[in-house]
Amino acid sequence: MFKPFVAPGKQQNWTESGSHTIVLPRKNSRDREQTQTAVEVAEWITQENPIWGTQAGHLPAASKLQNSPALRESPLWPKSLSKFSEMASKDQFAYLPRTPFNVNEASTWDFLLDIYSHSTSPKAGLRRGAETVQGLIDDVN
């Protein structure tokens with residue numbers, strides 16, 4: 001695998017980076033013990049569980065997991081994760097800017113499906129995509 005330095009108009013050799021967040025919803029019915037258990041599970045998932053890397057192909061944020069034999073000896077390490085690790089160690093990544101709307105909402109990207117399926121032209125599909133995103137921005141303002 002090559003280092004994925006792909007971004008329109010990029011100025012540096014960075015790649016997009018992201019992360020997952022574990023959220024405990026506010027719940028009046030959850031007691032202190034249940035909350036503590038949920039926190040311990042979240043800590044285990046993020047700091048002890050190598051499956052994020054070994055199975056899902058994500059570079060774990062916890063250095064303990066990044067350096068673990070489970071990750072380094074997994075089939076994904078030589079294929080991709082070693083490149084991601086090298087890029088992360090050289091600060092060759094950047095997070096997408098935060099937006100006040102959910103950019104991962106499936107309907108935001110429907111225009112791509114229409115382009116891929118040839119049910120619309122690329123030009124018309126991209127125009128619709130731009131209008132969709134602009135509409136989300138306008139709704140916030």
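Helices (H or I, at least four residues) and strands (E, at least two) are DSSP runs, numbered from the N terminus. With that in hand, let's work through some exercises.

A word on conventions: residues are numbered from 1 along each chain as its sequence is written, and side-chain values use heavy atoms, with hydrogens and water left out. The model is predicted, so local features need pLDDT of at least 70 and side-chain atom pairs count only at pLDDT 80 or more, while totals for chains, interfaces and linings use all residues.

**Exercise 1. Loops and positive phi**

Task: Find where Asp-91 lies and state its phi.

Solution:
- Start with the place: Asp-91 is in the loop between α5 (76-89) and β2 (93-95).
- Next, the backbone: phi of Asp-91 is near 55°, a positive value in a residue other than glycine.
- Last, the cover. Buried means under 20% relative accessible area, exposed over 50%, and partly exposed in between (1.4 Å probe, protein chains only). Asp-91 has 55% relative accessibility, so it counts as exposed.

Now treat His-118 in the same steps. His-118 sits in the loop between α6 (110-116) and α7 (122-140). Its phi is near 65°, again a positive value in a residue other than glycine. At 72% relative accessibility, His-118 counts as exposed.

**Exercise 2. The chain as a whole**

Task: Describe the order of helices and strands, then the overall extent of the chain.

Solution:
- Count the elements: there are seven helices and two strands.
- Read along the sequence, they give the pattern β-α-α-α-α-α-β-α-α.
- Compare the spread with the globule rule, which is 2.2 Å times the number of residues to the power 0.38, the radius of gyration being taken over C-alpha atoms. The radius of gyration is 20 Å, well over the 14 Å that the rule gives for 141 residues, so the chain is more spread out than a compact globule.
- Add the box: along the principal axes, the C-alpha atoms fill roughly 50 × 45 × 30 Å.
- Finish with burial: buried residues make up 19% of the 141 residues.

**Exercise 3. Strand β1 and its partners**

Task: Identify what Ser-17 touches, not counting residues up to four places away in sequence.

Solution:
- Locate the residue: Ser-17 belongs to strand β1 (residues 15-17).
- Apply the contact rule, heavy atoms within 4.5 Å. Ser-17 then touches Phe-93, Ala-94, Tyr-95 and Leu-96, with residues up to four places away in sequence not counted.
- Check one pair: Ser-17 and Phe-93 are 76 residues apart in sequence, yet 5.8 Å apart in space, C-alpha to C-alpha.
- Set this beside the chain total: among contacts between residues at least 6 apart in sequence, 43% join residues at least 24 apart.

**Exercise 4. Thr-54 and His-58**

Task: Decide whether Thr-54 and His-58 are buried, partly exposed or exposed, and list their contacts.

Solution:
- Thr-54 is in helix α2 (residues 51-54). Its relative accessibility is 15%, so Thr-54 counts as buried.
- Leaving out residues up to four places away in sequence, Thr-54 touches Ala-70, Leu-71, Ser-74 and Leu-76.
- His-58 is in the loop between α2 and α3 (63-66). With a relative accessible area of 33%, His-58 is partly exposed.
- By the same exclusion of residues up to four places away in sequence, His-58 touches His-20, Trp-52, Gly-53 and Leu-81.
- His-58 and His-20 are 38 residues apart in sequence and 9.9 Å apart in space, C-alpha to C-alpha.

**Exercise 5. An aromatic pair**

Task: Classify the pairing of aromatic rings in this model.

Solution:
- Recall the two descriptors: a pair of aromatic rings is described by the distance of the centres and the angle of the planes.
- Set the rule: rings of Phe, Tyr and Trp (its six-membered ring) pair if their centres lie within 6.5 Å; planes under 30 degrees apart count as stacked, over 60 as edge-to-face and the rest as tilted.
- Count by this rule: there is one aromatic pair. Trp-109 and Phe-111 form it, at 6.0 Å centre to centre with 40° between the planes, and the pair is tilted.
- Check the cover: Trp-109 is partly exposed at 37% relative accessibility, whereas Phe-111 is buried with a relative accessible area of 7%.
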